[in-house]
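Thanks, everyone, for making the time this morning. I would like to walk you through one model, beginning with the spaces inside it and then turning to what surrounds them.

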Amino acid sequence: MAEEANPTALSCVKALTAFVENGKALLDLAEKESKEDSFQTFIRQKIRIDQKQSLLGLIEAAAALYRSLSVKRKKDAEDLWRKNIHCAALREAVQDFQRLAVQWDSFLQRLDDELQLSAKILAGDHQSRRISPDTPLIDAKTGETVTLEKYLGKGKKILLVLIRQFSCLLCRLHLKDLENNQSSLDAHSMEVVVVSFGCQQGASHWLQETDCQYDMLLDPDRKIYTAFGLEASLKKVLNFSNMLLYAEYVADNLEFPRELPSIQDDMFQLGGDFVLDEHGRVLFSHCCQSPIDRPSVKDILSAQ
């Protein structure tokens, strides 16, 4: 006699099936469009948060998956179908979900390989290096050319927060966390300086939207990004697991900031956090391996 599935198992099957169908459609369209234009054109024009049928549409699809299961976290969804895995139909749906994950990440890896974006980390121990204090940068608030030397030699540590793109929600949340812990930063004589590779127009908009009070420097040639070995990667930004984690923010009713149509940004650049002593020596180095990967305030304050 065939085993009768319980209502929870059936709900999981229905939700997973709809998600996988949606994910496959997005992936099939991306593969098709990536062959019609150059990879650069595909990346710049066909992967956008405001295009529901782009790869980024998987975020909303995952949020819909969570809502249909009455959960808000990837872990809670996985726990739910793990508890009901005795259902044969659910096991098959989970296998389809896992196959989609492999196909999704394989496609992104092919794009990285074609664009030679992966494995660009520079060799060497960044904590034993110095960042050139005379590297020319732009003060985002005044437009004046400045250097890191402006911040050195004052008896303070400098926390450089290199952001990904102006519309990166995770970067904004990280900086808000630092602002909320300003008293601890002050107690450790640590000054925060935000660094972006973007243009001044985008920086002005970002400063207005975030009301960030920290100094912001622009590194349009990405010299500091390169010095710290920060890479760009489609897979590390858009991999299947990350997309389901981004959906948790949507499930919490947080909106991803919209890009300015008048500027060109780079959502695939990864960021990092680096603490310099007053002489410019690197005391703490964290190269983000994904947009979600930011060090805790506790880890940052441990820099000696």
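The largest cavity in this predicted model has a volume of about 220 Å³, and it belongs to a set of three cavities of 30 Å³ or more that the structure holds. Its lining comprises 17 residues, and those closest to the centre are Leu56, Gln165, Ser167, Phe256 and Met267. If you sort that lining by class, you find 13 nonpolar residues, two polar ones and two charged ones. As for the secondary structure around this cavity, helix H6, residues 169-180, and helix H10, residues 234-238, each supply at least two residues of the lining.

Now to the second largest cavity, for which the computed volume is about 80 Å³. How many residues of each class line it? The lining of this second largest cavity has four nonpolar, three polar and five charged residues. Among the residues that line it are Arg172, Glu209, Arg258, Glu259 and Asp265, together with His205 and Trp206. Helix H8, which covers residues 200-210, gives the most to this lining, with four residues. Please keep Ser167 in mind here, since Ser167 is one of the residues closest to the centre of the largest cavity and is also found in the lining of the second largest cavity.

Let me move from the closed spaces to the open ones. The largest pocket has a volume of about 230 Å³, and its lining includes Leu56, Glu60, Phe256 and Arg258. Two of these names have already come up, as Leu56 and Phe256 are among the residues closest to the centre of the largest cavity, while Arg258 also lines the second largest cavity. Helix H3, residues 57-68, provides the largest share of the pocket lining, namely three residues, and by class the lining divides into six nonpolar, two polar and four charged residues.

In the second largest pocket there is about 190 Å³ of space. Of the 13 residues lining this pocket, Arg44, Arg48, Glu259, Gln264 and Asp265 lie nearest its centre, and Glu259 and Asp265 are again residues that line the second largest cavity. Its class breakdown reads seven nonpolar, one polar and five charged.

That brings me to the charged pairs, of which the count comes to 16 salt bridges. Glu60, which we have just met in the lining of the largest pocket, forms a salt bridge with Arg67, and the closest N and O atoms of that pair are 2.4 Å apart. Both partners sit in the intermediate range of exposure, because the relative accessibility of Arg67 is 45% and that of Glu60 is 34%.

A second pair to consider is Lys150 with Asp139, whose side chains meet in a salt bridge at 3.8 Å, N to O. This pair links distant parts of the chain, with Lys150 in the loop between strands E2 and E3 and Asp139 in strand E1, 11 residues apart. Are its two partners buried or exposed, or in between? Lys150 is partly exposed, at 37% relative accessible area, whereas Asp139 counts as buried, because its value of 9% is under the 20% limit.

A similar reading applies to Arg281 and Asp277, which meet in a salt bridge at 3.4 Å, N to O. Arg281 is partly exposed at 36%, whereas Asp277 is buried at 12%. Elsewhere, salt bridges that share partners join Lys72, Arg73, Glu248 and Asp252 into one network.

Next, the nonpolar interior. The largest nonpolar core has 104 residues, and Phe19, Ile47, Trp81, Ile163, Leu178 and Phe228 touch the most other members. Helix H5, residues 88-115, gives the most to this core, with 11 residues. To take Leu178 as an example, and leaving aside residues up to four places away in sequence, Leu178 touches Leu159, Val161, Leu185, Val192, Tyr214, Val297 and Ile300.

I will finish with the chain overall. The protein has 12 helices and seven strands, and its C-alpha trace spans about 80 × 45 × 35 Å along the principal axes. Buried residues make up 49% of the 304 residues. Of the contacts with a separation of 6 or more, 74% are between residues 24 or more positions apart.

Key. Residues are numbered from 1 along each chain as its sequence is written. This is a predicted model: local features need pLDDT of at least 70, side-chain atom pairs count only at pLDDT 80 or more; totals for chains, interfaces and linings use all residues. Side-chain values use heavy atoms; hydrogens and water are left out. A salt bridge is a side-chain nitrogen of Lys or Arg within 4 Å of a carboxyl oxygen of Asp or Glu. Buried means under 20% relative accessible area, exposed over 50%, partly exposed in between (1.4 Å probe, protein chains only). On a 1 Å grid over the protein atoms alone, a cavity is a set of points where a 1.4 Å probe fits but cannot get out, and a pocket is an open set with protein on both sides within 12 Å along at least five of seven lines; lining residues have an atom within 4 Å of a point. Grid points are joined across faces, edges and corners, and a volume is the space filled by probe spheres set on the points. Ala, Val, Leu, Ile, Met, Phe, Trp, Tyr, Cys and Pro count as nonpolar, Asp, Glu, Lys and Arg as charged, and the others, Gly among them, as polar. A nonpolar core is a set of buried Ala, Val, Leu, Ile, Met, Phe, Trp, Tyr and Cys residues joined through side-chain atoms within 4.5 Å. Contact means heavy atoms within 4.5 Å.
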